[in-house]
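These are my notebook entries on one protein model. I looked up its helix packing, a few buried positions and some backbone angles.

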Amino acid sequence: MNRTHVLLAAAALLALGAAVAGLPAPHDPFFPKAPPAPQAAPAPGPASPRFQRQEGALRFEGQLSSAVLATGTGREAYALLTVRAERPAQERRVPVSLALVIDRSGSMRGQKISDARRAARLLVGRLGPRDRLALVHYGTDVVTFPSEFVTEEARARMLAFVAGIEDEDRTNLSGGLEEGARALRPHLADFRANRLILLSDGVPNVGTTHPGALAELAAAYRREGIAVSGLGVGEDFNEQLMRALAEQGGGFYGYLQDSERLAEILQREVDQAATTLASGVELRLTLPEGITDAQPLGVASRREAGEWVVPLYDLAGEQEAQVLVKLTLALDASSTNRPMLHARLRYQDVEHERPVDLALSLEARAEPGAPDGRDRMDPEVALAVTRALGAQQLQAAAEAMKQGERTRALGLLDGARTLFGASASALAGEVAEVERTQAAYLNAHDETSVKREALKLHNTSLRSFGQSNSY
């Protein structure tokens with residue numbers, strides 16, 4: 001990105017500087033007003049040093065918003081952490097062990113249950129005799145087809161099992177998850193890729209129903225070595241719950257919006273599971289002296305024994321995840337570099353079946369009167385912050401669309417377009433996507449079409465936060 005692009009990006013950042021401090025935690029409702037037009041801003045500073053480590057399948061990189069940070073209390077800076085899976089020397093598909101868990105509750109009646117059955121048939125057809133598959137469907141009760149290798153004889157029985165799924169009763173989502181995990185457990189040691197795929201509208205009303213408890217269930221399976229993906233069915237599914245299951249379960253999130261996308265998403269699920277290089281991926285952040293707070297933006301995180309823990313999804317070759325962290329500073333002057341953030345990357349190297357633990361310390365100097373982090377950022381970090389601000393606007397716009405607040409939604413989309421547009425060609429793809437959403441939303445005159453555009457926009461916002469685990 002050239003300096004002109006960075007200058008324009010910095011303009012947007014300064015104009016919305018006050019909003020940065022209020023970026024929402026994941027899943028919190030947030031309804032910002034449309035932002036003002038960008039104002040002129042000082043040119044950004046030079047690139048800050050990039051710190052990196054690599055071991056096994058993953059490369060771990062980090063950089064701060066500036067190589068020189070301001071002293072004093074209440075100042076802000078940003079850290080951009082990137083985790084990238086290298087392309088394997090030899091690409092090959094390994095056998096997978098999957099459990100497909102299908103919601104058959106009354107809320108799935110009609111097109112939803114038809115789409116779920118079709119998804120199950122597609123998955124059964126895409127697996128081979130070296131793969132294992134268990135099928136589970138649930139309403140009030142839970143019915144299981146135990147895990148088997150997908151031979152031709154087993155395939156016929158699986159398809160018959162799928163054909164017998166009819167919508168009924170209530171939604172025992174937790175029971176379905178538990179049965180799916182139970183079917184996978186006996187075979188964990190025999191497969192490098194073990195995944196539970198949930199198809200649901202995400203509206204539980206039997207068994208465990210609290211979203212936090214369900215997300216913790218997915219996190220527990222992840223610790224066992226089972227990744228959890230949540231695929232929503234229909235336009236009115238609970239995207240926050242399904243996303244939380246994928247975030248905590250280390251899997252992928254999306255929704256089956258139409259028949260064409262259905263086949264594509266399931267193929268990507270199989271391919272990603274079969275080529276996973278790193279599982280159980282997580283970041284652990286600790287703060288050195290002089291850093292009073294850290295806030296990972298746009299991703300799930302938790303506090304644990306004095307650390308911020310950020311769970312990431314399983315990574316296949318050439319996939320990556322970025323996490324932007326806002327730091328609150330209380331620094332004294334230092335003539336030499338000093339730590340501003342300690343980060344650890346932990347994961348299981350799937351190919352070599354061993355744990356990996358990489359430590360990275362991001363350093364900078366602290367000087368009185370140094371420019372505020374928002375004014376003179378490293379170009380790459382500045383771009384990430386612009387994306388985060390834009391993603392904030394997109395999430396708020398999606399919520400406004402779902403609430404029927406048409407004028408407000410369009411204003412928020414305009415704000416996001418202004419932010420992304422200030423970075424010129426660097427964020428041209430984001431600008432084009434916002435313009436597509438605006439046009440589609442203006443032409444959406446029925447509730448179903450509006451919900452579909454809101455869900456697409458929600459997924460776009462996740463990618464703007466640097467996450468690539470949404471379909």
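**Overview**

I began with the secondary structure and found 12 helices and 18 strands in the protein. I note at the outset that the model is predicted. I then looked up burial and found that 58% of the 471 residues count as buried. I also checked how far apart in sequence the contacting residues lie. Among contacts between residues at least 6 apart in sequence, 76% join residues at least 24 apart.

**Entry 1: helix α6 and its partner α7**

I checked the length of α6, residues 211-224, before its packing. The 14 residues of α6 should span 20 Å at 1.5 Å a residue, and the end C-alpha atoms are 20 Å apart, so the two values agree. Just after the helix I noted G225, which has a positive phi near 110 degrees.

I next asked at what angle α6 and α7 pack. The angle between α6 and α7 (residues 239-249) is about 30 degrees, and their axes are 7 Å apart. An angle under 35 degrees counts as roughly parallel, and α6 and α7 are therefore roughly parallel to each other. The crossing in which α6 passes α7 is right-handed.

I listed the residues that meet in this pair. From α6 they are P211, L214, A215, A218, A219 and R222, and from α7 they are L241, A244, L245, Q248 and G249. The residues of this contact divide into eight nonpolar, two polar and one charged.

I then looked up which residues of α6 are buried, and found L214, A215, L217, A218, A219, Y221 and R222. The elements that cover these buried residues include the helices α5 (173-184) and α7. Strands also contribute to this cover, among them β9 (227-233), β10 (250-256), β11 (276-286) and β14 (307-311).

**Entry 2: helices α9 and α10**

I repeated the length check on α10, residues 406-421. This helix has 16 residues and reaches 22 Å from its first C-alpha to its last, close to the 22 Å expected at 1.5 Å a residue. Its buried residues are A409, G411, L412, L413, G415, A416, L419 and F420.

I looked up how α10 packs with α9, residues 379-402. The two axes come within 8 Å and cross at roughly 165 degrees. Angles over 145 degrees count as roughly antiparallel, and α9 and α10 are therefore roughly antiparallel to each other. In this pair, α9 passes α10 in a left-handed crossing.

On the α9 side, the contact is made by T386, R387, L389, G390, A391, Q393, L394, A396, A397, A400 and M401. On the α10 side I recorded R408, A409, L412, L413, G415, A416, L419 and F420. The residues of this contact divide into 13 nonpolar, four polar and two charged.

**Entry 3: two buried strand positions**

I asked whether Q63, in strand β2 (residues 58-64), is buried or exposed. Its relative accessibility is 5%, so Q63 counts as buried. I found contacts of Q63 with S48, P49, R50, Y78, A79, L80, L362, D378, E380 and V381, leaving out residues up to four places away in sequence. I also looked up the distance from Q63 to A364, which lies 301 residues away in sequence; their C-alpha atoms are 9.7 Å apart.

I turned next to L100, found in strand β5 (residues 96-103). At 0% relative accessibility, L100 counts as buried. With residues up to four places away in sequence left out, L100 touches A120, L123, L133, A134, L135, V136, I197 and L199. The C-alpha atoms of L100 and L198 are 6.1 Å apart, although 98 residues separate the two along the chain.

**Entry 4: positive phi outside glycine**

I looked for positive phi values because most residues other than glycine have a negative phi. A305 has a positive phi of about 50 degrees and is not a glycine. I located A305 in the loop between β13 (302-304) and β14. Its relative accessible area is 82%, so A305 is exposed.

I recorded E353 as a further case, with a positive phi near 50 degrees in a residue other than glycine. E353 lies in the loop between β17 (334-349) and β18 (354-367). At 60% relative accessibility, E353 counts as exposed.

Note on methods:
Residues are numbered from 1 along each chain as its sequence is written. This is a predicted model: local features need pLDDT of at least 70, side-chain atom pairs count only at pLDDT 80 or more; totals for chains, interfaces and linings use all residues. Side-chain values use heavy atoms; hydrogens and water are left out. Axes are lines fitted to C-alpha atoms, for helices over the stretch in contact, and angles run from 0 to 180 degrees between N-to-C directions. Helices (H or I, at least four residues) and strands (E, at least two) are DSSP runs, numbered from the N terminus. Angles under 35 degrees count as roughly parallel, over 145 as roughly antiparallel, 65 to 115 as roughly perpendicular and the rest as oblique. A crossing is left-handed if the near helix is turned anticlockwise from the far one by less than a right angle, and right-handed if clockwise. Contact means heavy atoms within 4.5 Å. Ala, Val, Leu, Ile, Met, Phe, Trp, Tyr, Cys and Pro count as nonpolar, Asp, Glu, Lys and Arg as charged, and the others, Gly among them, as polar. The expected span of a helix is 1.5 Å times one less than its number of residues. Buried means under 20% relative accessible area, exposed over 50%, partly exposed in between (1.4 Å probe, protein chains only).
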